[in-house]
Every structure is written in structure tokens, then in C-alpha cells.
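Hi everyone, thanks for coming. I'd like to walk you through one structure today, going slowly and residue by residue. Have a look at it first, and then we'll talk.

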Amino acid sequence: MAKSKNETEYEKEDEDTKLAPDAEWTKRIVLDIPIWALKKIDKEANRRGIARQALIKSWLVDRVDGLSPKKALD
């Protein structure tokens, strides 16, 4: 079956983030982000010398870790 244009683009973008075959503790998602926000994210990632995806993951994990147990279950 032929891949869609989006599938091909995501695979190209994620080439550097391949997971080990047994890494079932992650889940790939598609996330639409406004261009203005993406530009700011890219600027911050470049300032830190890390990839965009690494910065977004870090921010999301920090935010989720900061939730109280009750809020995290909602």
C-alpha cells in the first residue's frame, strides 16, 4: 500500500528519533501547532542546541509531571 504524503513527511522528520523495537513505552501522535508558536519553539530549541522534538517532549513531560495525581487522572 502506498504511503500518504503526510506519512512520508513524518517518517523523514522522525528519522533521527527511531525507537528500539521493544520501546513500547512511547506513542507517536500528530500535533498541529500554529506557525507563530513553532517559530518560537524552533528559536528556543536552537538556543539550547537541541532538536525541536526533544524540546517539545521535555516541556510536555515537565508539565505532566507537575500535575497533581488527581488532575493527571482526569
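Okay, let's start in helix H2, since that's where Arg-47 sits. Before I go on, keep in mind that what you're looking at is a predicted model. So, is Arg-47 buried or exposed? Its relative accessible area is 61%, and because the cut-off for exposed is over 50%, Arg-47 counts as exposed.

What does the side chain of Arg-47 make a polar contact with? The partner is the side chain of Glu-44, at 2.7 Å. Glu-44 is in helix H2 as well. But look at how Glu-44 comes out: its relative accessibility is 18%, and since buried means under 20%, Glu-44 counts as buried. So here we have a polar contact at 2.7 Å that links a buried Glu-44 to an exposed Arg-47.

Now, what else does Glu-44 touch? If we leave aside its neighbours within four places in sequence, Glu-44 is in contact with Leu-55 and Trp-59. Both of those residues belong to H3, on its side of the contact with H2. That's a good moment to zoom out.

Here's the overall picture. The protein chain has four helices and zero strands, so if you read along the sequence you get the pattern α-α-α-α. There are 74 residues, and 11% of them count as buried. The accessible surface comes to about 7,200 Å², and 57% of that belongs to carbon and sulfur atoms.

Back to our helix and its partner. H2 covers residues 35-48, and H3 covers residues 52-65. How do the two sit relative to each other? Their axes come within 9 Å and cross at roughly 100°. Angles of 65 to 115 degrees count as roughly perpendicular, and that's why we call H2 and H3 roughly perpendicular to each other. From H2, the contact is made by Leu-38, Ile-41, Asp-42, Glu-44, Ala-45 and Arg-48, while H3 brings Arg-52, Leu-55, Ile-56 and Trp-59. Sorted by class, that contact has six nonpolar residues, four charged ones and no polar ones.

Let me pick two residues of H2 from that list. One is Ala-45, which is found in helix H2. Its relative accessibility is 2%, so Ala-45 counts as buried. Which residues does Ala-45 contact, leaving aside its neighbours within four places in sequence? They are Ile-50, Ala-51, Arg-52 and Leu-55. Take Leu-55: Ala-45 and Leu-55 are 10 residues apart in sequence, and their C-alpha atoms are 6.1 Å apart in space.

The other one is Leu-38, also in H2. With a relative accessible area of 22%, Leu-38 is partly exposed. Leaving out neighbours within four places in sequence, Leu-38 is in contact with Ile-33 and Arg-52. Leu-38 and Arg-52 are 14 residues apart in sequence, and from C-alpha to C-alpha they are 8.8 Å apart.

And that brings in Ile-33, the last stop. Where is Ile-33? You'll find Ile-33 in the loop between helix H1, residues 5-13, and H2. Its relative accessible area is 28%, so Ile-33 counts as partly exposed. Not counting residues up to four places away in sequence, Ile-33 touches Leu-38, Ile-41 and Ile-56. Of these, Leu-38 and Ile-41 are on the H2 side of the helix contact, and Ile-56 is on the H3 side. So this loop residue touches residues from both helices.

That's my tour. If you want to try it yourself, start at Arg-47, follow the polar contact to Glu-44, and then go on from Glu-44 to Leu-55 and Trp-59. Thanks, happy to chat!

Notes: Residues numbered from 1 in each chain as written. Predicted model: local features only at pLDDT ≥ 70, side-chain atom pairs only at ≥ 80, totals over all residues. Heavy atoms only, no water. Buried < 20%, exposed > 50% of the residue type's maximum accessible area, 1.4 Å probe, protein only. Areas by Shrake-Rupley, 256 points an atom, 1.4 Å probe, with all protein chains shown as cover. Contact = heavy atoms within 4.5 Å. Axes fitted to C-alpha atoms, helices over the stretch in contact; angles between N-to-C directions. Parallel < 35°, antiparallel > 145°, perpendicular 65-115°, else oblique. Nonpolar A, V, L, I, M, F, W, Y, C, P; charged D, E, K, R; others polar. Polar contact = N/O pair within 3.5 Å; in protein donor to acceptor, adjacent residues only side chain to side chain.
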